[in-house]
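This report concerns internal cavities, strand pairing and aromatic contacts. The sequence and the structure are shown first.

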Amino acid sequence: MAAASPVESVPPAPIASIGTGIANLPNQRHKIVAKNGANFTLMVCGESGLGKTTFVNTLFTTAIKDQKNLNRRKVKQPAKTVQVQITKAELEEKMFKVKLTVIDTPGFGDYVNNRHAWIPIVDFIDDQHEKYMRQEQQPSRKGIVDMRVHACLYFIKPTGHSLNPLDVEVMKRLGSRVNLIPVIAKADTLTPADLAKFKESIRDVIAAQNIRVYSCPIESDDEASTKRNHNIMNAMPFSVIGSTQDVTTSDGRSVKGREYSWGVAEVENEEHCDFKKLRSLLVRTHMLDLISTTEEVHYENYRQSQMETRKFGDPRSQPSENPKFKEEEEVLRKKFTEQVKAEEQRFRMWEQQLLAERDRLHKELESQNDKIKELQGELDAYYYSQRDSPKSIRK
Amino acid sequence: MAHRLGGRRKNVKKGFQFTFMVVGASGTGRTTFVNTLCDSGVLPKKISDNPEEAHNEAGIKIKPVSVELDEDGVRISLTIVDTPGFGDNIDNEKCFQEIVGYLESQYDDILAEENRIKRNPRFRDNRVHALLYFIAPTGHALREIDIELMRRLSPRVNVIPVIGRADSLTPQELRDFKRRIMEDIEHYNIPIYNFPYDPEEDDEDTVEENSELRTLLPFAIIGSDEEIVVNGRTVRGRQYPWGAVEVDNPKHSDFARLRSALLSSHLQDLKEITHDFLYENYRTEKLSRTINGGDQDGAALDADEMASQSVRLKEEQLRREEEKLRDIELKVQKEIQEKRQELLAKEEALRSLEARLAAAQLQDAA
């Protein structure tokens, strides 16, 4: 996690202890960690209107992100690109601090043409690895800013059918770079039967398309943890209902949930959705694993691939500079070159035709000129011959 | 309303013919809605395709299906056109063109038929009288694809916006969502079918009915082809762990109101508007377009704003070169003409000389 600070001096072992006191090391570690706090970066990715902001606020039981201000939707012109929005918060529970960073991706999947929508997101993740790598290579490594993404929640539309091509494309690219956790958004629109079928079809697609999703280590020291981990992994993709409001159920309990005219969908009820399991995964039990996987696996992969091709200290080759523009440019250029070529051809042929005409006419002229000369010659000859005998003409 | 009733009485025996189209992204509840409306499995549910092909973008498919309904003793011959694949691709530009193409080809058929000398009495009118557009229940506002579609299709068909899967919104959220959608529709000037009425001409009942339907726009739809038991009654609905939603309950969904508006009270109105207004507009546009010639679509370049400037410049250059060459051509031609004239003149001179020579020779000989 954070850079190691000097180890605190070992407290003098109590006189009656057996052993040297090495067993006290975990407590020391605990104190250090508790003092430093943790740093966690979470990315939420998905179309707008799927409940990402509400989920994040529900997860940490506090309004971390503001809801989208819809009154201003007509004021600004849509930029038609995907943006990366960073929100930072500091949470404290029982004297333990967590610096939380939430990355949102507004504009993803919202347009008519969503080709290349994933590029800003993928570039952002790679950029964070790059930045960390650079900072590591500096002479002075104090105060490293680490915004590497530890987990990415991908919100799937609750269609009830399957993943659509955009989902597949994006998940493939995210899965190889970050811990990807697929989540079924707004799950209160699916009946239990629909939900089961949907999960199965998503799992099939993930397997068939070789998408890498996060899987936590299942085996653990005690039985209960192993079973719990099993449960959690079996529920993937997690169905989620988000709500920050307290409502009263029909039997009088006050819970976080959504109140419909036909009933109340509860957030923390395991039969209604998988929120508790996901929270456990993200916060209670596996946050550390997420962080260490990011550092040990994803960051190392990135570092390895970069160092194989780059010398130490070299700048990174520019990431694909908006291939959408490049594509359009190429097409236009091709069209244009073709047109120019066609026109040139036409002109050339025309020129040739004109030249041919001109030559022909010249030749005609020449031949006519020759004829004239001949006749002129004859005339002259005749004239002279006549002149010599003038009498015949005057007759 | 009176004339409408009269029309109905006359047509009750013959039955009505009505065509409507359902458009919406996959998973918004189109198919289920149609099946609920007709109370039978008219459209097949989407079979999840082969997971290995999930990354392939299928285009949009337009499929009409016909079914006979009996509504309050009136026979309706209903044709439903489904559009699976709309909005499911990464790039959805082509989807609009396909739908508009379909609508216009129906109009073209009618146009051709009308212009025939001998018309076919059994000609089937396949024009689409209404289009139900299913908006995804995001709870926010209209998205780009929603606005684009409604805007491009309103000139050709009566568009009725509908919120699909409305059971994912709480009552408060639904109210806000409806309000924002109507605000957006007004802001972008999208001419949807909003149950038009004239407060001066029509009678009170019509005015009341239409204004009530107008406030319900866009209709919040929940569909189900399954039956569940609620409080001892068997109804169509969806069973959740926290409660049961009933399709026909007006407090849960606007399905019943939409059904009655579409199939009984406003069926005639929709058909009339399609024929008297939308079709006539299309006809005028099309006929005046053919008169003016096809110059409009001659431009080979769909000018992309980005590089069009330089393209235009180069075009100007090319044009200038062309003109120059044309001038040269003219000049050369003129030269040729002149030379020809010269030649002819010389030939004339020669001939006259020859003639004189010949004459002189003759004289000489004589």
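The sections below treat the cavities, a helix, the strands and the aromatic pairs in turn.

**Cavities**

The model is predicted, and side-chain atom pairs count only at pLDDT 80 or more. The structure holds 4 cavities of 30 Å³ or more. The volume of the largest cavity is about 390 Å³, and that of the second largest is about 60 Å³.

A total of 36 residues line the largest cavity, and those nearest its centre are A:Glu47, A:Lys157, B:Ala25, B:Ala136 and B:Arg143. Two elements of chain B, β4 (130–135) and α4 (144–153), each give two or more residues to this lining. Of the elements, β4(B) gives the most, with 3 residues.

The lining of the second largest cavity includes A:Gly46, A:Glu47, A:Leu50, A:Phe108 and A:Tyr154. A:Phe155, A:Lys157, A:Asn164, A:Leu166 and A:Asp167 also line the second largest cavity. Here the elements that give two or more residues are β4 (151–156) and α4 (165–175) of chain A. The table sets out the two linings by residue class.

| Cavity | Nonpolar | Polar | Charged |
|---|---|---|---|
| Largest cavity | 12 residues | 16 residues | 8 residues |
| Second largest cavity | 5 residues | 2 residues | 3 residues |

**Helix α3 of chain B**

Helix α3 of chain B covers residues 93–114 and has 22 residues. From its first C-alpha to its last, the helix reaches 33 Å, close to the 32 Å expected at 1.5 Å a residue. Among the buried residues of α3(B) are B:Cys95, B:Phe96, B:Ile99, B:Tyr102, B:Leu103, B:Tyr107 and B:Ile110. The buried residues also include B:Gln106 and B:Glu113.

**Strands**

In chain A, 6 strands form an open sheet with mixed pairing, in the order β2-β3-β1-β4-β5-β6. The edge strands of this sheet, β2 (85–93) and β6 (238–239), each pair on one side only. Within the sheet, β4(A) pairs with strand β5 (residues 180–184) of chain A in the parallel sense, over 5 bridges. A:Ile184 in β5(A) is the bridge partner of A:Ile156.

In chain B, strand β7 (residues 227–230) and strand β8 (residues 233–240) pair in the antiparallel sense over 4 bridges. B:Val230 stands opposite B:Arg233 of β8(B). The hairpin of β7(B) and β8(B) has 2 residues between the strands, and B:Asn231 takes a positive phi near 50° there. Strand β8(B) also runs antiparallel to strand β9 (residues 243–246) of chain B, joined to it by 4 bridges. B:Gln239 stands opposite B:Ala244 of β9(B), and a hairpin through 2 residues joins β8(B) to β9(B).

**Aromatic pairs**

Over all chains, 17 aromatic pairs are found. In one of them, the ring centres of B:Tyr107 and B:Tyr282 are 5.3 Å apart and the planes lie at 35°, so the pair counts as tilted. This pair links distant parts of the chain, 175 residues apart: B:Tyr107 belongs to helix α3 of chain B, and B:Tyr282 to helix α8 (residues 267–292) of chain B. B:Tyr107 counts as buried because its relative accessibility is 2%, and B:Tyr282 likewise counts as buried at 2%.

The rings of B:Tyr193 and B:Phe195 have centres 5.1 Å apart and planes at 65°, and the pair is therefore edge-to-face. B:Tyr193 counts as buried at 3% relative accessibility, as does B:Phe195 at 2%. In chain A, ring pairs link A:Phe55, A:Phe155 and A:Phe275 into a cluster. A:Phe155 is also one of the residues that line the second largest cavity.

Technical notes. Residues are numbered from 1 along each chain as its sequence is written. Chains are lettered from A and ligands numbered from 1 in the order in which they are written. This is a predicted model: local features need pLDDT of at least 70, side-chain atom pairs count only at pLDDT 80 or more; totals for chains, interfaces and linings use all residues. Side-chain values use heavy atoms; hydrogens and water are left out. On a 1 Å grid over the protein atoms alone, a cavity is a set of points where a 1.4 Å probe fits but cannot get out, and a pocket is an open set with protein on both sides within 12 Å along at least five of seven lines; lining residues have an atom within 4 Å of a point. Grid points are joined across faces, edges and corners, and a volume is the space filled by probe spheres set on the points. Ala, Val, Leu, Ile, Met, Phe, Trp, Tyr, Cys and Pro count as nonpolar, Asp, Glu, Lys and Arg as charged, and the others, Gly among them, as polar. The expected span of a helix is 1.5 Å times one less than its number of residues. Buried means under 20% relative accessible area, exposed over 50%, partly exposed in between (1.4 Å probe, protein chains only). Two strands pair if DSSP finds at least two bridges between them. Rings of Phe, Tyr and Trp (its six-membered ring) pair if their centres lie within 6.5 Å; planes under 30 degrees apart count as stacked, over 60 as edge-to-face and the rest as tilted.
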